[in-house]
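Colleague: I would like to go through the assignments in this model one at a time. For each, tell me what the call rests on.

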Amino acid sequence: MTGRTAICNARVIDPATGRDEKGGILIENGIIADVGAAIGKATIADVKIDAHGKTLAPGLIDLRVKTGEPGAENKETLETASEAAAAGGVTTFVVMPDTDPVIDSVALVDFIKRRADGVAKVKVHPTGGLTVNLDGQKMSELGLIQEAGAVFFTNGDKPVEDAGVLRRIMQYAASFNALVASRPDTPALSKNTVMNAGAFAARLGLRGTPLEAEWIALERDLMLAETTGARLLVDCLSTGRSLKAVERARKAGVKVSCSVAVYSLFFNELDVGDYLTYCKVQPPFRSEEDRAALIDGLKRGAIDAVVSAHDPQPPEDKRLPIAEAAFGAVGLETLLPALLSLVARDEVPLLAALKAVTSGPADLLGLPQGRLQKGAPADLVLFDPAAPWACDRDDLSSRSKNSPFDGRKLEGKVLRTWVNGATVFERG
Amino acid sequence: MTPHTSPFCHSPIRATLFTPPALPPRSACDMPPEITGDPSMADYAFPHRHLLGIEGLNRLDIETLLELGDKYVELNRQRVKHAGTLNGQTLVNLFFENSTRTQGSFEIAGRRLGADVVTMPIATSSVKKGETLIDTAMTLNAMRPDLLVIRHPSSGAVKLLSRKVDCAVINAGDGTHEHPTQALLDALTIRRRVGDIGGLKIAICGDILHSRVARSNVACLNILGAEVRLIAPRTLTPPGAADWGAKIFTDMRAGLKGCDVVMMLRLQQERMDGAYLPSAREYFHFWGLDEEKLSHAKPTAFVMHPGPMNRGVEIESGIADHKTRSLITEQVEMGVAVRMAVLETLAKNAPEIGLATGTATATATGTATGTTTGTTTGPGIGVKTR
């Protein structure tokens with residue numbers, strides 16, 4: 001976008017620097033030209049936007065999004081996902097490789113990039129499969145795929161079970177300083193389970209996912225990261241003990257970071273309630289103790305990234321008895337409102353909550369956005385942190401409507417979203 | 001002994017393997033050079049009975065072999081290439097692993113020195129059981145060979161055999177452990193083409209993890225004072241390699257910067273199946289030696305490869321065949337010379353045979369009486385007296 005745009009009369013929040021002040025932002029050619037209290041009505045600009053005292057922050061960066069493209073466009077396309085993202089204040093998202101075909105080659109990474117350039121309203125970054133076809137055996141062309149633009153490598157929801165394979169992959173990835181993401185899970189323990197193991201699952205008569213399924217895989221991954229020197233992203237940890245393990249490893253010098261799904265911060269196992277299939281996710285909603293431990297970690301800055309874990313599923317895969325229903329929940333549009341609701345309930349400060357969806361993930365991937373700094377891309381979100389609303393799945397922009405927030409009350413609404421200075425969403 | 005009936009004299013191997021790109025003009029006559037000096041080397045006596053690895057050798061040991069190798073290079077460039085140092089002695093080549101160039105090189109080296117050469121190719125990987133191996137050794141030992149050249153797919157197998165036999169044992173490659181004659185021939189090649197190895201920057205690139213050549217070369221080049229660099233993906237970098245006395249790199253361009261010599265290693269096909277490396281094309285992209293990557297080394301840098309090469313995987317053909325920068329065929333030529341030096345040196349160190357019956361060979365003391373075609377003063381080529 002050419003010309004100068006001034007957004008003034010806003011509460012400007014930048015988690016990267018801790019900035020929280022009244023003022024505005026000056027945008028020039030899609031880049032942030034100035035930030036601060038000095039930007040007001042007197043600033044010379046071609047376009048002036050009055051924020052009416054609402055909050056202006058860097059656009060969100062979401063490290064875990066699934067779409068159905070390629071292969072299952074009935075669930076979601078890059079285009080519909082980007083509309084949901086824009087409506088949720090997410091200006092950059094990272095797509096998982098577990099599509100059909102799997103994103104495990106230079107050509108497919110290139111396909112995602114070109115496709116997103118053509119149709120997506122927000123910035124989309126591909127990841128590469130750690131193993132070919134996610135088979136857990138044969139290493140993908142990590143070097144070439146990274147050169148082609150994959151921001152990290154992951155086997156998605158199919159963990160690499162063979163420790164020898166993962167060890168070599170991590171060694172090899174360390175040659176390129178590539179980031180390896182792994183969702184800690186032990187299939188032998190989690191196979192055919194539905195929700196968190198415990199008294200509630202037992203009462204419902206559902207098979208529970210034991211905590212050890214996460215702990216065993218996590219400890220293995222941490223050890224391999226330690227001995228190989230690879231950079232590890234622990235993808236979607238869900239228990240307090242897991243977070244402690246990550247912090248201990250980090251303290252010992254292991255190059256480890258971690259992400260948490262926003263639903264793990266918001267819900268506990270009791271929310272599965274009356275066999276709600278929209279609440280069937282991996283990792284499952286855990287105990288209230290675990291949720292509280294994760295909230296505490298977010299406050300302390302121990303969690304590098306909070307993700308939506310957006311996983312669209314059509315009704316035919318969700319309107320089933322819970323044991324047969326698919327895993328997954330959409331989340332792009334509710335990521336920021338869910339965090340703002342936690343802020344409104346005084347569970348976590350605003351800066352800490354926003355950091356994990358802006359500069360935290362940006363620093364992990366080495367992206368220039370995610371901060372309000374001169375020279376950074378003008379990827380911005382304007383929101384009303386106090387606006388209450390009830391989530392109705394039919395109002396979601398996502399092609400699939402499987403949201404665990406459906407029918408729940410949230411506080412905090414996105415008003416407007418900019419990518420490179422251009423408006424991509426504005427609430428009517 | 002009728003040397004000219006040697007099967008190698010007119011074999012095609014001779015024409016293809018042993019034709020260096022640019023040979024210096026032959027000396028005026030085709031006779032071997034005049035033999036001077038004392039082959040027992042008054043200055044330094046090589047103290048080892050076997051050559052099992054570079055580990056255990058000192059700088060003098062290596063230089064002694066290289067200097068003798070230098071002499072044999074000259075001999076090998078004559079039309080008549082015989083020295084009678086090993087006349088009447090028996091050299092057995094025992095190869096438990098397929099080999100063309102090393103086996104051929106030892107055969108030719110032995111024959112040029114006048115030994116009776118017997119090659120026993122036992123190229124089956126099933127012969128790995130210790131007992132079978134020792135039985136084989138005992139059987140061979142009873143035939144009273146003087147020199148035993150062994151290649152075996154298991155690390156340490158050659159050492160095990162050396163304890164069971166009375167003759168000199170030469171390691172022609174054991175598993176992923178050592179290949180000392182390759183390191184010696186590489187050192188000879190570098191010394192002759194680049195000069196003193198001390199202070200040279202030498203990069204060894206590729207599958208270090210599975211390479212016995214790399215292990216022997218790091219040891220040898222370190223002893224000779226070079227700055228050695230190892231360049232490989234982490235999956236092919238051995239744990240603890242930083243303690244070998246080499247600098248470790250994963251990036252070719254960074255590792256090759258300012259190098260005088262670039263030694264490429266062969267990448268086994270089975271490493272490219274997704275376990276150690278994702279694919280051959282990715283390997284070539286990041287670690288294959290091409291014009292661009294080589295441009296980061298010194299403009300005068302030489303390229304070496306122990307062979308056999310995977311063209312287009314670890315090395316581009318244009319580099320492998322480069323007229324001035326590639327030393328690859330020259331390495332093969334040096335291989336014969338250095339092996340002659342090793343065979344001669346070890347034969348001299350053999351203990352006196354007390355109950356010799358059929359093998360009443362003199363123990364190669366340098367005053368051996370055997371002569372070869374055209375030789376006038378003695379059987380071996382002595383190292384010049386210092």
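Modeller: The model is predicted. Across the interface of chain A and chain B, the rule finds one salt bridge.

Colleague: What makes the pair B:Arg281 and A:Glu141 a salt bridge?

Modeller: The closest N and O atoms of B:Arg281 and A:Glu141 are 2.5 Å apart. The rule asks for a side-chain nitrogen of Lys or Arg within 4 Å of a carboxyl oxygen of Asp or Glu, so the pair qualifies.

Colleague: How many residue pairs are in polar contact between chain A and chain B?

Modeller: The count is 10 residue pairs, both residues at pLDDT 80 or more. On the side of chain A that touches chain B, helix H3 (142-148) and helix H4 (163-175) of chain A each supply at least two residues. H4(A) gives the largest share, five residues. By class, that side of chain A has seven nonpolar, six polar and four charged residues.

Colleague: How many residues does each chain bring to the contact, and what area is buried?

Modeller: Chain A brings 17 residues and chain B brings 16. About 1,400 Å² is buried between the two chains, with carbon and sulfur atoms giving 52% of it. A:Glu141, A:Arg168 and A:Tyr172 supply 36% of the area that chain A buries against chain B, more than any other three residues.

Colleague: Now the sheet in chain B. What is the strand order, and is the pairing parallel or antiparallel?

Modeller: The sheet is open and has five strands in the order S7-S6-S5-S8-S9 (chain B), with parallel pairing.

Colleague: Why do S7 and S9 of chain B count as edges?

Modeller: Strand S7 (246-249) and strand S9 (302-304) of chain B each have a single partner strand, so one side of each has no neighbour in the sheet. Neighbouring strands of this sheet are turned by 20 degrees against each other on average, direction ignored.

Colleague: How do you know that S5 and S8 of chain B are paired?

Modeller: Four bridges join S5 (residues 201-205) to S8 (residues 261-264) of chain B. Pairing needs at least two bridges, so these strands are paired. In this pair, B:Ile204 stands opposite B:Met263 in S8(B).

Colleague: Which strands of chain B do helices H6 and H7 of chain B lie across?

Modeller: Helix H6 (residues 180-193) of chain B lies across S5, S8 and S9 of chain B, at about 165 degrees to S9(B). Helix H7 (residues 212-223) of chain B lies across S5, S6 (227-231), S7 and S8 of chain B, at about 170 degrees to S5(B).

How values were computed:
Residues are numbered from 1 along each chain as its sequence is written. Chains are lettered from A and ligands numbered from 1 in the order in which they are written. This is a predicted model: local features need pLDDT of at least 70, side-chain atom pairs count only at pLDDT 80 or more; totals for chains, interfaces and linings use all residues. Side-chain values use heavy atoms; hydrogens and water are left out. Axes are lines fitted to C-alpha atoms, for helices over the stretch in contact, and angles run from 0 to 180 degrees between N-to-C directions. Contact means heavy atoms within 4.5 Å. Buried area is the accessible area (1.4 Å probe) that two parts lose on being put together, summed over both. A polar contact is a pair of N or O atoms within 3.5 Å; within protein, one must be able to donate a hydrogen and the other to accept it, and residues adjacent in sequence count only if both atoms are side-chain atoms. Ala, Val, Leu, Ile, Met, Phe, Trp, Tyr, Cys and Pro count as nonpolar, Asp, Glu, Lys and Arg as charged, and the others, Gly among them, as polar.
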